[in-house]
Amino acid sequence: MSPEEKFRQMTEEPIRPLIVALAAPSILSNLVTSIYNLSDTFFVSALGTSASGAIGISFVAMTAIQAVGFFFGQGTGNAISRHLGAQERDQACILATNGLVFTLGCGLLIAVLGNVFIDQICLLAGATQTILPYARTFVGIILMGAPFMCSSITLNMQLRFEGEALYSMLAIMVGAFLNMGLTPLLIYVFDMGIAGSATSTVICEAISFCLLLRQVQRAGITPLSPEWLRRPTQVMAQEVAMGGVPSFVRQVMLGVATTLLNDAARPFGDAAIAGLAVVQRICGFGNYVQIGIGQGFQPLVGYNYGARRFGRIRDGYFFSVMAALASVFAIGLVTFALAPQLVGFFSDDPKVLGIATLTLRMESFTMALTGMAMITNFLLQTTGRMWRATILGACRLGLVLGPVVTVLPRFAGLLGVQVAQPVTDVITGIIALPMAFSILRELRAEEEAGGARLAA
């Protein structure tokens, strides 16, 4: 599809089928990624409870890698969609190429510094002395793949913001399916243990990166080329920051959240840390669905904000919120009903089973509440409301979770750790409501001001 045809699609086609068409590839690739994460947890769990705990510890390193990818991916992607909506394609191409170059550089820096301070990172993330050897091995290898992993996220985001989620989906799914096959081969056949899981991830991320490069060129909306490289300007930096800072902070706070939960669970032993890691993977299904819907909504926002078609943004917002709430509520019913079976698939340790089952059932009640907050966050971010988007995104993953997980365990012990995330979800949903009303009022005011200028 040519850039002109893509513009017409994003600014004229009916809202609901367009969001569904944009969200479906994102949801599918996110779910495949979630299935891979679950299968990875399953294969590693056979190596013991301490090895399973190392997966939870690795979330912190993965979060740092993802934070860089999302900063440049969301930062350039948001700006790219607005420029395409305003029919300023050259600016979009400049942002796409420069975003990839800077992502590769930052990924290389993470790989070097991460391995220099590997023990400190693992201990800070909550590793016990029994988990540390596994975590050191797993995290060290994962960090070596940081340049590919960061850059894959950036390219993935850029394709989605261009409205080409199908191209992105194909590359991500190929990597995930290869990973599911290669992981058990390296762990068991080549007897690499937990190192096999990490090595498989790095290899398949490199393959996904190469496929995504090809897909970007094939889509042709913002092709990558040295001719688009520019010295960074203040305007470019501001554009990237408006969309990138909220995502960067969200990902950093995700690492903070994981660290806080692991630290709170550490006094209760490896079983508590492993149980929380299992629940995080299972709840990823609901979160990935919400994120996929939001990712289908974001390019519509960017194009139509650039084209000043505010009514389409409002209609898309309400549809996306209802779709997220309904979808994740249905997933929550399933995870609540089948909690023991889902947890038992990943661990046969009775302590892990008991802790994770109760935690999963409580989170099943509150997952859906985060849908409205997530879609509102995407709307704020894509329209350039950087600080509000940052604050709202950080609530669930740190600003609210931090005090909750610090206070509750002192009074309720392990139960306080288990209810920390559900309590945080409820509070975050309440905070999101006035922010949603505020941004919708502002968009209506911009629309009326634009109409008044045209009338004059």
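At 24% relative accessibility, Phe285 counts as partly exposed in this predicted model. Phe285 belongs to helix H11, which runs over residues 270–306. A look across to Thr357 gives a sense of how the chain comes back on itself here: Phe285 and Thr357 sit 72 residues apart in sequence, and their C-alpha atoms are 16 Å apart in space. Thr357 is itself one of the buried residues of helix H14.

Helix H14 is worth a pause. It covers residues 350–366, and its 17 residues should span 24 Å at 1.5 Å a residue; the end C-alpha atoms turn out to be 25 Å apart, so the two figures agree. Just where H14 starts, Asp349 puts a side-chain oxygen within 2.9 Å of the backbone nitrogen of Lys351. The buried residues of the helix include Val352, Ile355, Ala356, Thr359, Leu360 and Met362, and polar or charged names turn up too, among them Glu363, Ser364 and Thr366. As for the spacing, an α-helix has 3.6 residues a turn, so residues three or four places apart point the same way.

Two other helices offer buried residues with their contacts spelled out. Ile187, in helix H8 (residues 165–189), has a relative accessibility of 2% and therefore counts as buried. Setting aside residues up to four places away in sequence, Ile187 touches Phe43, Val44 and Leu47 on one stretch of the chain, and Met192, Gly193, Gly196 and Ser197 on another. Pro17 is a different story: 170 residues separate it from Ile187 in sequence, and the C-alpha atoms of the two are 43 Å apart.

Thr97 lies in helix H4 and is buried as well, because its relative accessible area is just 6%. Its contacts beyond four places in sequence are Pro223, Leu224, Ser225, Trp228 and Leu229. Further along H4, which spans residues 89–116, comes Val116. At 53% relative accessibility Val116 counts as exposed, the cut-off being over 50%. Val116 also takes part in a nonpolar surface patch of about 570 Å², together with Leu108, Leu109, Val112, Leu113 and Phe117.

What about charged pairs? The model holds 8 salt bridges. One of them joins Arg136 to Asp119, with the closest N and O atoms 2.7 Å apart. Arg136 is in helix H6 (residues 132–144) and Asp119 in helix H5 (residues 118–124), so this pair ties together parts that are 17 residues apart in sequence. Both partners are partly exposed, Arg136 at 34% relative accessibility and Asp119 at 29%.

Another salt bridge brings Arg314 and Glu447 together at 2.9 Å, N to O. Because Arg314 lies in helix H12 (residues 310–337) and Glu447 in helix H18 (residues 414–455), the pair ties together parts 133 residues apart in sequence. The two ends of this bridge are covered to unlike degrees: Arg314 counts as buried at 13% relative accessibility, whereas Glu447 is partly exposed at 30%.

Helix H18 makes a further link through Glu442, whose side chain meets that of Arg388 in a salt bridge of 2.8 Å, N to O. Arg388 is in helix H16 (residues 386–399), and the pair links distant parts of the chain, 54 residues apart. Glu442 is partly exposed at 25% relative accessibility, and Arg388 is partly exposed too, at 26%. The pair does not stand alone, since Arg308, Arg385, Arg388, Glu442 and Glu446 are linked in a network of salt bridges.

Arg308, a member of that network, has a backbone feature to report as well. It is found in the loop between H11 and H12, and its phi is near 65°, a positive value in a residue other than glycine. At 44% relative accessibility, Arg308 counts as partly exposed. Gln87 has a positive phi too, of about 60°, although it is not a glycine. Gln87 is likewise in a loop, the one between helix H3 (49–85) and H4, and it counts as exposed at 58% relative accessibility.

Notes: Residues numbered from 1 in each chain as written. Predicted model: local features only at pLDDT ≥ 70, side-chain atom pairs only at ≥ 80, totals over all residues. Heavy atoms only, no water. Patch = residues over 30% accessible without salt bridge, like charges linked within 9 Å, V, L, I, M, F, W, Y side chains within 5 Å. Areas by Shrake-Rupley, 256 points an atom, 1.4 Å probe, with all protein chains shown as cover. Salt bridge = Lys/Arg side-chain N within 4 Å of Asp/Glu carboxyl O. Helix = DSSP H or I, 4+ residues; strand = E, 2+ residues; numbered from the N terminus. Buried < 20%, exposed > 50% of the residue type's maximum accessible area, 1.4 Å probe, protein only. Contact = heavy atoms within 4.5 Å. Expected span 1.5 Å × (residues − 1). Polar contact = N/O pair within 3.5 Å; in protein donor to acceptor, adjacent residues only side chain to side chain.
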